[in-house]
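Reader: Could you take me through one part of this model in detail? I'd like to get my bearings around one of the sheets and what packs against it, and then hear about the rest.

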Amino acid sequence: MGAHVTWHVEAQTPSLERMTAYEPLSVWAPYAHDVRLHLGDGSVHPLHKRAGGWWVAEQIAEPGMRYGFSLFNGEDWSPVVPDPRTTSQPDGIHGLSEVTDPAFDWTSGEWTGRGLPGQVIYELHVGTFTPEGTFAGVIGKLDFLRELGVTAIELMPVQPFGGARNWGYDGVDLHAVHSAYGGPEGLKKLVDAAHNAGIGVILDVVYNHFGPDGNYNGMFGPYTAGGSTGWGEVVNISGPDSDEVRAFILDAVCQWFVDYRIDGLRLDAVHAYDDRGAYSLMEQIQAVADDATARTGVPRYVIAESDLNDPRLITSPEGGGYGLAAQWLDDVHHALHTLVSGEDHAYYEDYGSLAALEKTLREAYFFTGTMSHFRGRTHGRAINRATTPAHRFVTYTTTHDQVGNRAAGDRPSMNLSPRQQVLKAAIIFSSPFTPMLFMGEEFGARTPFAFFCSHTDEHLNHLTTEGRTREFSHAGWDHAMVPDPASPATFEASQLNWVLDGTQEEIHSAYRELLRLRSELGLARADLTQLIVETGSEENKWLAMGYEDVMLVANLSAEEVTVPFGGELIYSFTSPTVGRDATELGAWEFALIRR
């Protein structure tokens with residue numbers, strides 16, 4: 001059942017009221033003329049209408065109880081469908097809901113958490129990260145991740161979806177956990193084990209749309225507002241009756257922080273929120289995180305994925321912002337990717353220059369009220385470098401999006417040399433921003449990560465396949481390169497291969513050393529105004545980034561360059577020539593030097 005959030009509107013603060021599993025079953029169904037409760041034993045029971053569109057049963061929710069609802073629209077009774085606030089769907093998204101007990105025998109009581117500064121995040125997809133494809137499988141890799149230098153794992157969405165194979169962004173039950181991964185109990189065991197290993201857990205959550213398969217929420221009430229995000233119907237967080245929809249979302253947020261002891265949330269695509277209220281949903285989500293932090297003493301934080309280049313997301317409420325801990329920063333990825341790979345299609349067309357990389361490393365945002373040719377308009381707004389800590393930006397060499405939203409789902413490590421891959425990692429890990437790895441990149445995985453799904457409706461599978469092919473064809477990709485998302489083979493090919501060869505072991509060793517040095521040398525310095533960034537020219541593509549005491553010098557080309565910074569070599573993947581006043585770098589070489 002979890003926690004229920006009531007909202008003090010004037011103060012915009014949450015009040016968390018603990019609920020137990022032993023309370024009457026209820027459901028918000030303002031559209032219904034009548035509602036019936038169907039239990040797993042086959043019995044059917046009436047519900048009583050209460051204020052605000054709520055219906056309450058006389059039956060008490062007990063752990064393990066299976067139940068669902070049927071709705072009368074004035075003419076017909078609907079089939080039995082799950083509870084929108086279900087916490088468990090053991091038989092899938094179309095089956096009966098199950099009452100779960102929030103009690104759990106936690107063994108990680110000494111976990112005090114850690115804030116975002118200094119973190120190293122590792123993004124993973126539970127279903128393809130290990131051969132087991134479960135939370136238990138992830139537990140088996142925690143020691144590997146800790147030794148790598150990872151301090152927090154970020155799970156791609158684990159809410160229930162149609163079938164057994166999906167990225168997770170087609171979820172429909174915001175309070176539940178996918179049963180094939182291990183369900184609610186499995187997720188709690190993972191969090192407990194991670195905390196015992198000194199690793200935090202971040203959960204990727206989707207509040208801008210519902211998936212197309214098994215979304216019965218619209219039968220109950222105005223959960224959506226019409227229109228599409230491109231991935232599904234827009235969630236109603238600003239229209240009539242949206243207060244209850246917001247509470248529905250905030251209840252889920254509270255549940256993750258309180259019942260599951262999740263350390264952080266990553267909000268998917270907040271630029272797709274229909275968020276027009278004076279108080280943003282993001283601000284309210286952050287308030288729940290702050291309240292959970294205050295109550296438990298364990299830091300909770302919220303990270304947004306945003307395409308807006310808008311400092312308000314990470315500016316404090318006192319400064320007119322939403323107060324989120326951080327946001328994903330695609331600009332650094334795009335600038336680095338285009339320079340190393342040479343790709344310049346679609347949204348990459350605005351990047352590709354050394355100047356673009358220099359600006360993003362120095363100022364975070366590339367678009368600061370400047371022209372975006374891809375968008376055909378000006379975009380973004382500059383941050384205040386003096387007051388915006390660097391850790392508020394999460395940077396990466398790649399993510400699930402940057403791999404999976406390519407036609408073939410091919411990773412950078414499938415196209416770049418080991419030198420190029422480790423060079424990119426060195427730049428990301430030596431920057432002051434919060435670094436994130438995508439599963440497998442730390443050893444140069446050669447398995448793709450393509451988009452896959454297994455909707456229970458074959459027509460949906462067909463439409464998804466057609467849509468992906470059409471999308472990539474319009475972007476100039478050969479449609480023959482696009483694997484069928486609904487094919488089991490696409491999913492199976494995307495599973496990581498943990499048998500490493502010699503080259504992959506070398507890459508893994510380099511990643512581990514770079515992350516160790518990031519911590520040892522204190523490269524995660526908060527003040528962006530301290531950061532020194534200098535570059536050569538578009539013909540002489542070198543980068544120097546660092547501080548008065550330590551500097552990364554890098555060659556972003558296949559030609560030899562001389563960088564006018566020297567000192568003592570701390571680390572390199574290759575064998576550059578480091579002098580007192582200059583460093584000679586071969587193709588795609590870098591050197592971390594003590595000045």
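Author: Here is a walk through the five-stranded sheet, followed by the other pieces. Bear in mind that this is a predicted model.

Let's start with the strand order. The sheet is open, its five strands run in the order 22-23-24-29-26, and the pairing is antiparallel. At the edges you'll find strand 22 (532-535) and strand 26 (568-571); each has a single partner strand, so one side of each is left without a neighbour in the sheet. Going from one strand to the next, the twist averages 25 degrees.

Now zoom in on one pair. Strand 24 (residues 550-555) and strand 29 (residues 590-594) run antiparallel and are joined by five bridges. If you want a spot to click on, try alanine 554, which sits opposite phenylalanine 590 of strand 29.

What lies across these strands? Helix 11 (residues 418-430) lies across strand 23 (542-546), strand 24 and strand 29, and runs at about 150 degrees to strand 24. Then there's helix 14 (residues 502-520), which lies across strand 26 and strand 29 at about 120 degrees to strand 26. Strand 29 therefore turns up in both lists, with helix 11 and with helix 14. The domain assignment gives domain 1 (24-80) and domain 2 (532-594). Taken over C-alpha atoms, the centres of domain 1 and domain 2 are 67 Å apart.

Over in domain 1's stretch of the chain there's another sheet to look at. Three strands form an open sheet in the order 3-7-6, again with antiparallel pairing. Strand 3 (24-28) and strand 6 (48-49) are the edge strands, each pairing on one side only. Strand 3 and strand 7 (residues 54-60) run antiparallel, with four bridges joining them, and valine 27 stands opposite tryptophan 55 in strand 7.

While we're on strands, have a look at a hairpin too. Strand 18 (residues 368-372) and strand 19 (residues 377-380) pair in the antiparallel sense over four bridges. Four residues lie between the two strands of this hairpin, and glycine 376 in the turn has a positive phi of about 75 degrees. Serine 372 has arginine 377 of strand 19 as its bridge partner.

On to the helix pairs. Helix 8 (residues 330-341) packs with helix 9 (residues 354-363) at an angle of about 155 degrees, and their axes are 9 Å apart. Angles over 145 degrees count as roughly antiparallel, so that's how helix 8 and helix 9 stand to each other. The crossing of helix 8 past helix 9 is left-handed. On the helix 8 side, the contact is made by Asp331, Val332, Ala335, Leu336 and Leu339, and on the helix 9 side by Leu354, Ala356, Leu357, Thr360 and Leu361. Sorted by class, that contact has eight nonpolar, one polar and one charged residues.

The other pair is helix 6 (residues 242-258) and helix 7 (residues 281-296), which pack at about 30 degrees with axes 10 Å apart. Helix 6 and helix 7 are therefore roughly parallel to each other, and their crossing is right-handed. Arg246, Ile249, Leu250, Val253, Cys254 and Phe257 in helix 6 meet Leu281, Gln284, Ile285, Val288, Ala289 and Ala292 in helix 7. By class, the contact of helix 6 with helix 7 comes to ten nonpolar, one polar and one charged residues.

Methods:
Residues are numbered from 1 along each chain as its sequence is written. This is a predicted model: local features need pLDDT of at least 70, side-chain atom pairs count only at pLDDT 80 or more; totals for chains, interfaces and linings use all residues. Side-chain values use heavy atoms; hydrogens and water are left out. Two strands pair if DSSP finds at least two bridges between them. Axes are lines fitted to C-alpha atoms, for helices over the stretch in contact, and angles run from 0 to 180 degrees between N-to-C directions. Contact means heavy atoms within 4.5 Å. Angles under 35 degrees count as roughly parallel, over 145 as roughly antiparallel, 65 to 115 as roughly perpendicular and the rest as oblique. A crossing is left-handed if the near helix is turned anticlockwise from the far one by less than a right angle, and right-handed if clockwise. Ala, Val, Leu, Ile, Met, Phe, Trp, Tyr, Cys and Pro count as nonpolar, Asp, Glu, Lys and Arg as charged, and the others, Gly among them, as polar. Domain bounds come from an automatic or database domain assignment.
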